[in-house]
Amino acid sequence: MDARPGWLYGGVNGTTIDSRTPLTAADRCDRCNAQAYVRVVLPVGELLFCAHHAREHAPKFASVATHVQDETDRLLAEHGAGPGSAG
Ligand SMILES: [Zn+2]
């Protein structure tokens, strides 16, 4: 019935992910050199933060970041520190 713009939706998922590769153990927090779990993409570059510093600096970078890749869920998964797991 309608001409649904499939090309538009098709472009969302597949192609433009090159700057969003998963963070690895080689990615270190710019503040404390711990393993980074958050990548903050800025117009001038990018910053890496551990979960602690991501939380601390979130109010500052949130207004200027063009993309925030938050993988702190992995931190919880790897360390089993989910809410209610250990007192
Ligand atoms: Zn840090």
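Helices and strands are here DSSP runs, of at least four residues for a helix and at least two for a strand, numbered from the N terminus. In these terms, alanine 36 lies in the loop between α1 (6-13) and β1. The model described in this report is predicted.

**Overall organisation and confidence**

The chain contains 3 helices and 3 strands, and from the N terminus on its elements follow the order α-β-β-α-β-α. Of its 87 residues, 11% count as buried. Among contacts with a separation of 6 or more, 30% involve residues 24 or more positions apart.

The mean pLDDT of the chain is 80, and 67% of the residues reach 70 or more. Over residues 10-17, however, the pLDDT is below 50, and this stretch has 0 contacts in the model beyond near neighbours in sequence. Where pLDDT is low, the predicted coordinates should not be read in detail.

**The sheet**

The 3 strands form an open sheet in the order β2-β1-β3, with antiparallel pairing. Both β2 and β3 (67-70) stand at the edges with a single partner strand each, so one side of each has no neighbour in the sheet. On average, neighbouring strands of this sheet are turned by 15° against each other, direction ignored. Helix α2 packs on the sheet, where it touches β1 and β2, and its direction makes about 135° with that of β2.

β1 and β2 run antiparallel and are joined by 5 bridges; they form a hairpin with 2 residues between them. On the other side of the pairing scheme, β1 and β3 are linked in the antiparallel sense over 4 bridges. Strands of a sheet pair through backbone hydrogen bonds, either parallel or antiparallel. The following table lists individual residue pairs across the strands.

| Residue | Opposite residue | Strand of the opposite residue |
|---|---|---|
| Arginine 39 | Leucine 48 | β2 |
| Valine 41 | Glutamate 46 | β2 |
| Valine 41 | Histidine 67 | β3 |
| Valine 38 | Aspartate 70 | β3 |

Valine 41 thus has a bridge partner in β2, glutamate 46, and another in β3, histidine 67.

**The nonpolar core**

The largest nonpolar core is made up of 9 residues: Ala36, Tyr37, Val38, Val40, Leu48, Phe49, Cys50, Ala51 and Ala54. At least two residues of this core come from each of β1 (38-42), β2 (45-49) and α2 (51-61). In soluble globular proteins, nonpolar side chains tend to be buried together.

Phenylalanine 49 belongs to this core. Not counting residues up to four places away in sequence, phenylalanine 49 touches the core residues Ala36, Val38, Val40 and Ala54. The contacts of phenylalanine 49 also include Cys29, Asp30, Arg31 and His57.

Alanine 36, the loop residue introduced at the outset, is another member of the core. Alanine 36 counts as buried because it has 26 C-beta neighbours inside 10 Å, the cut-off being 20 or more. Leaving aside neighbours within four places in sequence, alanine 36 is in contact with Leu23, Asp27, Arg28 and Cys29, and also with Leu48, Phe49 and Cys50. Alanine 36 and leucine 48 are 12 residues apart in sequence, while their C-alpha atoms are 5.8 Å apart in space. Leucine 48 itself stands opposite arginine 39 and is likewise listed in the core.

Technical notes:
Residues numbered from 1 in each chain as written. Core = buried A, V, L, I, M, F, W, Y, C linked by C-beta atoms within 7 Å. Buried ≥ 20, exposed ≤ 12 C-beta atoms within 10 Å, placed from the backbone. Contact = placed C-beta atoms within 7 Å. Pairing = 2+ DSSP bridges. pLDDT = per-residue confidence, 0-100. Axes fitted to C-alpha atoms, helices over the stretch in contact; angles between N-to-C directions.
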